[in-house]
Each structure stands twice: as C-alpha cells, then as structure tokens.
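Please look through the sequence and the structure below before reading on. The paragraphs that follow take up selected places in turn.

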Amino acid sequence: MMKLSGGITRSVLLLLCGAVLTLAYSPFHWHWLPFIVLPIVVGVIWPLAPKRAFRAGFIFGMGWFAAGLSWIYVSIDQYGGVPVPVTLLLLVLLFAYLSLFPALAFWCWQKLSHRKFAWRFSLPFFWLIAELLRGWLFTGFPWLSLGYSQTDGVFGGLAPVLGETGITVALWFAALSIVMALRFKKPAPLLIPLIFLTCAVVFPKIQPTERKTESMSVLLVQGNIQQSLKWQAEQQWPNILRYLDLTRPKFNHDLVIWPESAITALEPYASDVLNTVEQSASINDSALVTGIIDYDRLNDDFYNSVIVLDNESYSYGNTNRYQKHQLLPIGEFVPFENLLRPLAPLFNLPMSSFSRGGYQQPNLEANGSNLAMAICYEIAFAGQVRSNTYDDTDYLVTISNDTWFGDSHGPWQHMQIARMRAMELGKPLLRATNNGVTAAVDEHGNYLALAPQFKATTLSTNVYGVQGSTIFNTIGNWGAIILALLGLLPIIATKRTKKRAQA
C-alpha cells in the first residue's frame with residue numbers, strides 16, 4: 001500500500017510539474033519556473049529504476065504537452081467537424097506520442113547512471129537526442145521545447161552561440177547541478193549555472209554582426225478575416241479590398257507585408273489584381289510582400305507562396321518568390337490521404353494538398369533589402385530558417401494565419417518561437433498575421449512594435465537591418481551537441497583513472 005501510495009503521489013507531482021511549465025512560455029513569461037520545476041523532476045526520477053523512469057518521463061511529458069498544447073483543441077473543435085470525444089481522443093494520442101521522447105531520454109539516463117554515478121550528467125545529452133528526433137521524425141514537431149522559456153529569461157543570451165537547443169541543454173545541466181548541490185550538500189555544482197549566466201551576458205556582445213546605419217520603414221498589415229469566410233470564392237475580392245483599404249493610406253513605407261495567403265485567389269488567375277497592387281507600390285517607391293497560393297497548372301501542384309510586388313514588372317513565375325517547404329500535417333498535407341480524407345472534415349480542410357518548396361531558397365529581394373522567409377509553422381524549424389539566412393540577409397520575415405487557434409496561448413507561443421529565431425541569427429524579425437500576433441522585433445528579440453489581436457489594423461515601425469552571421473548561424477547545433485557531450489566527460493575520466501590504477 002505504501003508503494004502504491006508513493007507511486008500515485010509521484011505521478012501526480014510529475015504531471016503537475018509538466019503542466020505548470022506552460023506558465024514559463026508566452027504569454028505568461030514565468031521564465032524562472034524551469035529552474036524550480038526541472039530540479040524537482042530530476043530529484044523525483046533520480047532514484048528510480050529505468051522502467052519506472054520511462055513511466056515517470058511519460059507522465060511528465062503528458063502534463064507538459066497536454067497543458068502546453070491544449071490550444072490545438074480550439075482548431076479541431078471549431079474546424080475539424082468531429083465529435084468532442086473523438087477530438088479528445090486525437091489529442092490524447094498526440095500528447096502520448098510526444099511524451100515518448102522525454103520518457104526515452106529519462107530511460108536512457110537511468111539505464112546507465114543507475115549503475116554508475118559517472119553517467120549522472122548524461123541527461124542533457126539524451127534529452128538533446130530525443131528532442132532532435134522529435135523535431136525530425138514524421139516531418140517533426142519541435143514545438144514547446146524548453147529553451148523557448150528563456151526568450152525573456154536569464155539564459156536567453158546563450159541563443160546567438162548555442163541556439164534554443166543549446167539553451168535546453170543548459171537548463172538540464174542547471175537542474176542537475178541544483179539537485180547535486182542539495183543532495184550532497186556541496187555548493188560546487190552551482191558553479192555550472194553561474195558559468196551559463198556569465199556566458200548569457202557575454203555571448204550577445206561578441207557576435208560578428210553589424211547593424212546598418214540606415215533603417216527601413218515597415219508596414220505590417222493585419223486583416224482580421226474570419227477563417228470561416230477566408231476560402232469562400234465570393235470572399236476573394238472583399239478579402240483583397242480589405243488589405244488594400246488598410247494599406248493605401250500608408251503606402252509610403254519602404255516595405256509593406258501582408259500575411260499568409262492574404263490573397264486567396266490563385267496566383268495564375270490574379271494577374272490583374274497583382275499588377276494593380278504593384279503599380280500602387282511602385283508609385284510610392286515601396287515593395288509589397290504578400291502570401292498567395294501558387295497553382296502550377298502544368299503539374300497540378302499547389303504551393304503556399306510569398307511574392308514581392310515592387311517597381312519591377314510583375315510576371316507570373318518570376319524567381320523572386322518563396323515556396324513553403326515545411327508543411328503542417330493535416331492542415332497542409334494529409335498522410336495516407338486516401339484513407340483519412342473520407343473519415344471527417346478534419347482531414348479535408350481547404351487547401352490541405354500543398355506541394356513542398358525547396359529546403360533552401362534564395363532570399364527575397366525587396367526595395368534593396370534581402371529577406372529570409374518562413375511561412376507560419378516553418379519558423380519553429382531552426383535548422384531550416386538558419387539554412388535560409390545568409391551573411392547579407394537583412395531581415396527575417398515570417399507570415400502566418402493563427403486564426404485557427406482563437407484567443408488561446410498558441411499564437412503567443414508562435415510569436416515567442418519567432419523571437420528566438422531573431423536571437424539565434426542576430427537578425428530583426430518582421431511578422432505579419434491575419435489576426436495576431438503581428439509584431440516587429442530587433443536582432444535581440446526585443447519588441448519594436450506590437451499590434452493588438454483580433455483587430456483589422458496596421459503596424460508601422462522603423463527597423464535597422466543587420467549584416468553578418470552569428471556564431472550559431474555558422475555552427476548550427478554543434479554548439480549544443482558539444483555542450484551536451486561535456487556531460488560525458490566524467491565517464492571518460494573514470495575510465496582513464498581505472499586504466500591508470502590497473503597499470
């Protein structure tokens with residue numbers, strides 16, 4: 001009975017620890033929370049056998065993902081067309097799948113460290129492997145990674161060298177250090193988080209990047225068009241007119257950005273509209289960047305695209321465009337579609353049969369500036385955004401349509417992810433959405449301007465471009481990998497000591 005009671009108490013504690021981590025992310029910003037929660041999780045799992053550690057990691061993951069990703073319910077409930085019990089079942093299956101990754105990390109950690117103490121600092125390494133798998137397997141779902149909690153936190157300054165992934169590794173090292181300091185009543189392990197704090201102050205100051213002396217005036221346009229109306233054929237012109245009406249009085253900006261698929265008419269059939277918009281931009285010495293659906297009639301392929309309308313003569317098929325590569329499962333492509341599409345409207349949403357653009361594409365050229373693009377979900381994939389950001393890239397631009405998720409914490413988490421990309425790559429970021437969060441941030445992830453949600457409005461600001469590349473942009477995840485591998489040094493040292501003793 002004592003064991004049963006203890007197991008239930010442990011499970012409840014781990015579930016609560018995972019759930020409360022939601023408060024560490026935007027819009028709550030309790031960025032200090034991981035320094036309390038993660039040590040508790042490590043302390044609870046520390047004495048467990050590998051199988052129980054796997055179970056404990058799974059329970060922690062269920063609390064973490066169920067609370068942190070609860071906003072997905074809004075889109076399935078409102079647009080999925082399936083009964084509530086089915087919606088809940090689908091979410092439980094998703095959360096259970098995602099929870100396998102922390103479970104695997106804790107199992108590997110305890111499998112080795114339960115036998116030899118020297119493996120205790122291997123947890124960050126196994127967690128890193130599990131997170132890289134989560135971001136890759138079945139096209140990947142890297143949302144809610146722990147490092148995002150530090151966008152406004154004390155470890156945030158590690159981003160331009162170690163990236164968000166490296167911040168996650170640092171958080172687990174800090175958690176282990178706190179547990180060891182308390183468990184063995186020795187303060188020496190606390191030097192590790194102090195070193196990270198020092199690096200977080202220094203790293204942003206040593207980047208080989210340079211802010212330009214001249215700024216660009218930017219207008220971000222937020223249409224606030226209802227998702228239920230967006231793809232109706234009779235709404236194509238009203239949608240375009242809303243964006244034109246919002247833009248015309250403020251067309252005197254160097255750069256105007258409309259959100260994802262702001263123009264719902266297929267590009268090959270929208271040449272009259274696009275030429276008109278381009279003329280307006282050209283008269284005002286402006287460049288307009290907009291999301292649009294490109295339909296390749298020859299191959300019957302659809303692409304979620306971005307085009308530039310400026311003083312160059314627009315023509316369909318020109319090379320100054322971007323096509324989305326990282327597609328959202330169910331929303332933009334349906335795996336096993338012949339089987340799933342007949343089952344429910346959830347698997348047959350409008351525009352859910354896109355083709356992929358290239359993984360690496362040239363920057364868009366707009367009014368003398370180079371723009372690295374990411375459409376919606378893509379901004380969560382640090383490797384892809386990094387691969388499309390070059391030394392001469394001036395700005396990161398991401399456009400989105402978070403209308404699917406209503407007044408939940410999902411769009412704010414999305415914005416936080418975008419801010420982390422600016423911090424990693426040392427480039428200002430411009431984000432235009434249909435109904436929020438529309439914002440501009442500088443190369444350190446600080447807000448320059450922020451529009452209110454759920455309002456048809458525009459956001460005007462001046463932004464300085466940045467040239468050069470951060471250390472993270474040069475080395476990618478190798479900084480995080482090397483840092484995680486440092487946790488294996490005690491094992492190497494122990495083996496060498498044994499060899500010397502035997503000699």
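Valine 437 is found in the loop that joins strand E10 (429–433) to strand E11 (439–441). In this predicted model, the peptide bond leading from glycine 436 to valine 437 is cis, with omega near 10°. A second cis bond runs from serine 26 to proline 27, again with omega near 10°. Proline 27 belongs to the loop between helix H1 (2–20) and helix H2 (34–45). Most residues other than glycine have a negative phi, and most peptide bonds are trans.

The backbone also departs from that general pattern in its phi angles. Phenylalanine 138 is not a glycine, yet its phi is positive, at about 55°. The residue is placed in the loop between H6 and H7. Is phenylalanine 138 buried or exposed? Its relative accessible area is 66%, and therefore phenylalanine 138 is exposed, the cut-off being over 50%. Aspartate 285, likewise not a glycine, has a positive phi of about 55°. Aspartate 285 sits in the loop between helix H11 (271–283) and strand E4 (287–296). With 58% relative accessibility, aspartate 285 counts as exposed.

The loop between H6 and H7 also holds proline 142. Proline 142 has a relative accessibility of 16% and so counts as buried, for which the value must be under 20%. Which residues does proline 142 contact, leaving aside its neighbours within four places in sequence? They are Arg134, Gly135, Tyr148, Tyr377, Ala380 and Phe381. Between proline 142 and glutamate 131 there are 7.3 Å in space, C-alpha to C-alpha, for a separation of 11 residues in sequence.

Another buried loop residue is threonine 403, whose relative accessible area is 9%. Threonine 403 is located in the loop between strand E9 (395–400) and helix H14 (410–425). Not counting residues up to four places away in sequence, threonine 403 touches Tyr79, Ile225, Gln227, Asn434 and Asn435. Lysine 205, by contrast, is exposed, with a relative accessible area of 69%. Its place is in the loop between H8 and strand E1 (209–222). From lysine 205 to tyrosine 322 the C-alpha distance is 32 Å, and the two are 117 residues apart in sequence.

The account now turns to the helices. Two packed helices are described by the angle between their axes and the distance between the axes. For helix H4 (residues 72–79) and helix H5 (residues 84–113), the axes come within 10 Å and cross at roughly 145°. The crossing in which H4 passes H5 is right-handed. On the H4 side, the contact is made by Ile72, Tyr73, Ile76 and Asp77, and on the H5 side by Val84, Thr87, Leu88, Leu91 and Leu94. Sorted by class, this contact of H4 with H5 has 7 nonpolar, 1 polar and 1 charged residues.

Helix H5 also contains leucine 98. Its relative accessible area is 0%, and leucine 98 is thus buried. Apart from its neighbours within four places in sequence, leucine 98 is in contact with Phe65, Leu69, Arg134 and Phe141. Leucine 98 and asparagine 224 are separated by 126 residues in sequence and by 32 Å in space, C-alpha to C-alpha.

The UniProt record, an unreviewed entry, carries the annotation "transmembrane region" for several stretches, among them residues 88–109, 161–182 and 475–493. Over residues 88–109 the model is 100% helix and 0% strand, and 32 Å separate the end C-alpha atoms. Residues 161–182 are likewise 100% helix and 0% strand, with 30 Å between the end C-alpha atoms.

A final helix to consider is H16 (residues 478–486), in which Gly479, Ala480, Leu483 and Ala484 are buried. Why do they fall on the same side of H16? They do so because they cover an arc of only 130° around the axis. An α-helix has 3.6 residues a turn, so residues three or four places apart point the same way. On the other side of H16, Trp478 and Ile482 are exposed. The buried residues of H16 pack against helix H6 (123–134), helix H7 (159–184), helix H8 (191–202) and helix H15 (471–475).

Note on methods. Residues numbered from 1 in each chain as written. Predicted model: local features only at pLDDT ≥ 70, side-chain atom pairs only at ≥ 80, totals over all residues. Heavy atoms only, no water. Buried < 20%, exposed > 50% of the residue type's maximum accessible area, 1.4 Å probe, protein only. Helix = DSSP H or I, 4+ residues; strand = E, 2+ residues; numbered from the N terminus. Arc of directions from axis to C-beta. Contact = heavy atoms within 4.5 Å. Axes fitted to C-alpha atoms, helices over the stretch in contact; angles between N-to-C directions. Left-handed = near helix turned anticlockwise from the far one by under 90°. Nonpolar A, V, L, I, M, F, W, Y, C, P; charged D, E, K, R; others polar. UniProt positions renumbered as here; feature names shortened; annotations may be inferred.
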